[in-house]
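Q: Could we go through this model and ask, for each label that is put on it, what the label rests on?

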Amino acid sequence: MGKGGAYVTVAANEVAELRRRNGELEREMEEMKKEMVQLWRRAVVAEEAEERLCSQLAELEVESLDQAREYESRIYFLVDQISRLSSSSLEVVVTNS
């Protein structure tokens, strides 16, 4: 065999190497696909958790605003009661004098 046989051997070796490398790349690609799916699922879970937390936060904000209004109303009521008691106490002191 002449030089032609050597080229065929080199080409066959290159083909074998390319096939081997192609197999490696396909396995890597499948692994990357699996990782991507896992990451996507984790992102979906994280997004759902974020939505739940935002909803809970909004509910807590409404609740805290309601409580603040109730406390403010109670404070105004108590200030009014103190004011009335102070006025009536002064009247008692003045009339008793």
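Q: What makes the contact between the side chains of Glu-30 and Lys-33 a salt bridge?
A: In this predicted model, the N to O distance between the side chains of Glu-30 and Lys-33 is 3.6 Å. The rule asks for a side-chain nitrogen of Lys or Arg within 4 Å of a carboxyl oxygen of Asp or Glu, and therefore the pair of Glu-30 and Lys-33 at 3.6 Å counts as a salt bridge.

Q: Why are Glu-30 and Lys-33 said to be separated by about one helical turn?
A: Glu-30 and Lys-33 are three residues apart in helix α1, which means a separation of about one helical turn.

Q: What makes Glu-30 and Lys-33 partly exposed?
A: The relative accessible area is 39% for Glu-30 and 40% for Lys-33. Since buried means under 20% and exposed over 50%, Glu-30 at 39% falls in between and is called partly exposed, and Lys-33 at 40% is likewise partly exposed.

Q: How do you know which residues are joined into one network by salt bridges?
A: The network rests on salt bridges that share partners, and its members are Glu-17, Arg-20, Arg-21, Glu-24 and Glu-28. Arg-20 shows such sharing, with a salt bridge to Glu-17 at 2.4 Å, N to O, and another to Glu-24 at 2.1 Å, N to O; both distances are within the 4 Å of the rule, so both contacts qualify. By this rule the count for the model comes to six salt bridges.

Q: How are the partners of Arg-20 placed along the helix?
A: Arg-20 and Glu-17 are three residues apart in helix α1, while Glu-24 and Arg-20 are four residues apart in helix α1; each pair is separated by about one helical turn.

Q: Are Arg-20, Glu-17 and Glu-24 buried, exposed or partly exposed?
A: The relative accessibility is 41% for Arg-20, 39% for Glu-17 and 23% for Glu-24. With under 20% required for buried and over 50% for exposed, Arg-20, Glu-17 and Glu-24 are therefore partly exposed.

Q: What makes Val-79 eligible for a nonpolar surface patch, and which residues form that patch?
A: Val-79, which is found in helix α1 (residues 3–96), has a relative accessible area of 48%. A patch requires over 30%, so Val-79 at 48% meets this part of the rule although it is classed as partly exposed. The nonpolar patch is formed by Tyr-71, Ile-75 and Val-79, with about 330 Å² of accessible area together.

Q: Why is the patch that includes Glu-50 called negative?
A: The patch is formed by Glu-47, Glu-48, Glu-50 and Glu-51, and because Asp and Glu count as negative, the label follows for these residues. Glu-50 lies in helix α1 and is partly exposed at 49% relative accessible area, so Glu-50 also passes the 30% cut-off for a patch.

Q: How much of the chain counts as buried, and what supplies its exposed area?
A: Of the 97 residues, 2% count as buried, in a chain with one helix and zero strands. The chain exposes about 9100 Å², of which carbon and sulfur atoms supply 60%.

Notes. Residues are numbered from 1 along each chain as its sequence is written. This is a predicted model: local features need pLDDT of at least 70, side-chain atom pairs count only at pLDDT 80 or more; totals for chains, interfaces and linings use all residues. Side-chain values use heavy atoms; hydrogens and water are left out. Helices (H or I, at least four residues) and strands (E, at least two) are DSSP runs, numbered from the N terminus. Buried means under 20% relative accessible area, exposed over 50%, partly exposed in between (1.4 Å probe, protein chains only). Accessible areas come from the Shrake-Rupley method with a 1.4 Å probe; for residues, only the protein chains shown count as cover. Patches are made of residues with over 30% relative accessible area and no salt bridge: like charges are joined within 9 Å, nonpolar side chains (Val, Leu, Ile, Met, Phe, Trp, Tyr) within 5 Å. The place of a charge is taken as NZ of Lys, CZ of Arg, CG of Asp or CD of Glu.
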